[in-house]
Amino acid sequence: MSQPHPHPMAGAPAATTRAQRTKALVFATLGFTVTFWAWSLISPLGPRFVEEKLTDDAALIVAIPVLVGSLGRILVGALTDRLGGRLMMPFIAMITVVPVLFVGFIGQYNYTTLIIGGFFLGVAGTSFAVGVPYVNRWFPKESRGSAIGVYGMGMIGTAISAFTTVPLHNISPQLPFIVAAVVLVVYAILAYTMMRNPPDWQPVRQSLIATLGRTLSIKLTWQAAYLYALAFGGYVAFSVYLPTFLTNAYELEPADASLRMAGFVIVAVLARPLGGMLSDRIGAVKTLGVAYSLIAICAIALSFDPQHIVVYTTEFILMSAGLGLGSGATFALIAQRSDPARVGSITGFVGAAGGLGGFVPPILLGAMWSATQSYSLGLLLLAGFTVLALLVTLWVGTVPASDPTPATEHPDTKETRS
């Protein structure tokens, strides 16, 4: 029988150099960026599909990749446990090329094929479940909030899509998809060649059912899942639906709406690592309190349907900052409030919840617009759910920062889940 591998219960990885950790973080973040770029290719074209009479409302088209990418994180997290981030990140990038080219050359000309292409394009959104455990194992506990916050900047891929998709589509309908496919292939080759798993990483052999059962028995899993479903889910929902929102509510041109969505995304991307860094310094609970207060105030203000461009732009930007802070602080909360051996498995479930949180709002907002020609009720619902998140945050802050179940797992079950 083989000897068990050391299990760093204190949360510190095996000895690594700063250069090794930086390289791991850079490649993980790049992988997250390029796959999120691909994941978001359909969203900026939503208003155009409506103009071309492919559909009366683009909500379902842009939401399908979000749903698949979210649910898929549970499976991809389990595969990452067994195969490692070094293999899984380039693999996700490479297989994403297939639906990207399908949508570009076939899918975008018919509603049914758009739904089919969007379904498989959802695979790109599962990359988040690879990068979180990969980065988590490379960095010591005291800097994981900051490191995972930096990794979260891969959300910038959504902004890249917003900036480039419509202009490239104006040149040729296939061009944005070809460019994205080339970038994915180049990244996959470089990542497979240069990425390495952490020195202390070992494949997990515990069954998926056992891992899920253990994870779901932890109260923090459900608390963090709700917090992330609102923060990251809100970000995803607006990043995919904001072009349609702005086109409907403020009669902006599709290109103008996509650029404003890109600004929304950039602010959230920059705020996410700030959320992790603030959590390392003042605590995740305080950081989340600030984030959710900001989101609630902005959602209420927007519900009054301000028409001045400076007013509603400012409110959307501040809301974006709150969503980014909350997204970054949630995973710092997990690192601070749970046993290190369980961080990976909890974040897999939480990451899936975050993506699912972005699936329902676009459909709900689309239905509300069709029924009332207004988004005010949807924004008030967002404010209400945000106040609930604030109460959950305060609740978490009243309990001791520890997992009540001691971690006495075999080394093969140690945390690598996303």
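**Entry 1: terms before looking**

I set down first that a cavity is a set of grid points where a 1.4 Å probe fits but cannot get out, and that its volume is the space filled by probe spheres set on the points. I also note that what I am reading is a predicted model.

**Entry 2: cavities**

With that term in hand I searched the whole structure, and the search gave four cavities of 30 Å³ or more. I looked up the second largest cavity, whose volume comes to about 90 Å³. Which elements give two or more residues to its lining? I found helix 1 (18-39), helix 3 (59-83) and helix 11 in that role. Among the residues that line the second largest cavity I wrote down Phe36, Trp39, Val62, Pro65, Val66, Thr158, Val236, Ser239 and Val240. Sorted by class, the lining of this cavity holds eight nonpolar and four polar residues, and no charged ones.

**Entry 3: the largest pocket**

I turned next to the largest pocket, for which the volume is about 420 Å³. Its lining is made of 18 residues, and I marked Gly357, Pro361, Leu381, Leu382 and Phe385 as the closest to the centre of the pocket. Helix 11, helix 16 (360-372) and helix 17 (376-397) each contribute at least two residues to this lining. Which of the helices gives the most to the lining? I have helix 11 down for that, with seven residues. The lining of the largest pocket is divided into 14 nonpolar and four polar residues, with no charged residue in it.

**Entry 4: helix 11 against helix 14**

Since helix 11 had come up in both linings, I looked up how it packs. I found that the axes of helix 11 (residues 219-250) and helix 14 (residues 309-337) come within 9 Å of each other and cross at roughly 160°. Angles over 145 degrees count as roughly antiparallel, and helix 11 and helix 14 are therefore roughly antiparallel to each other. The crossing in which helix 11 passes helix 14 is left-handed. By class, I noted 20 nonpolar residues in the contact of helix 11 with helix 14, along with four polar residues and one charged residue.

**Entry 5: Gln307**

I then went to Gln307, which sits in the loop between helix 13 and helix 14. Leaving out residues up to four places away in sequence, I found that Gln307 touches Ala249, Tyr250 and Tyr312. How many residues apart along the chain are Gln307 and Tyr250? They are 57 residues apart, and their C-alpha atoms are separated by 7.5 Å.

**Entry 6: helix 13 against helix 17**

From that loop I went back to helix 13 (residues 284-303), which packs with helix 17 at an angle of about 165°, the two axes lying 8 Å apart. That angle makes helix 13 roughly antiparallel to helix 17, and I recorded their crossing as left-handed. On the side of helix 13 the contact includes Val285, Leu288, Gly289, Tyr292 and Ser293, while on the side of helix 17 it includes Leu379, Leu380, Leu382, Ala383 and Thr386. I counted the contact of helix 13 with helix 17 by class as 15 nonpolar, seven polar and no charged residues. Leu382, named in this contact, had already appeared among the residues closest to the centre of the largest pocket.

**Entry 7: helix 8 against helix 12**

Last, I looked at helix 8 (residues 156-171) and helix 12 (residues 254-282), which pack at about 165° with their axes 8 Å apart. That makes helix 8 roughly antiparallel to helix 12, and I again wrote left-handed beside their crossing. In helix 8 the residues Ile156, Thr158, Ala159, Ala162, Phe163 and Val166 meet residues of helix 12 that include Ala255, Ser258, Leu259 and Met261. The contact of helix 8 with helix 12 divides into twelve nonpolar and two polar residues, with no charged ones. Thr158, which I met here in the contact with helix 12, is also one of the residues lining the second largest cavity.

Definitions and conventions
Residues numbered from 1 in each chain as written. Predicted model: local features only at pLDDT ≥ 70, side-chain atom pairs only at ≥ 80, totals over all residues. Heavy atoms only, no water. Axes fitted to C-alpha atoms, helices over the stretch in contact; angles between N-to-C directions. Helix = DSSP H or I, 4+ residues; strand = E, 2+ residues; numbered from the N terminus. Parallel < 35°, antiparallel > 145°, perpendicular 65-115°, else oblique. Left-handed = near helix turned anticlockwise from the far one by under 90°. Contact = heavy atoms within 4.5 Å. Nonpolar A, V, L, I, M, F, W, Y, C, P; charged D, E, K, R; others polar. 1 Å grid on protein atoms, 1.4 Å probe; cavity = no way out; pocket = protein on both sides within 12 Å on 5 of 7 lines; lining within 4 Å.
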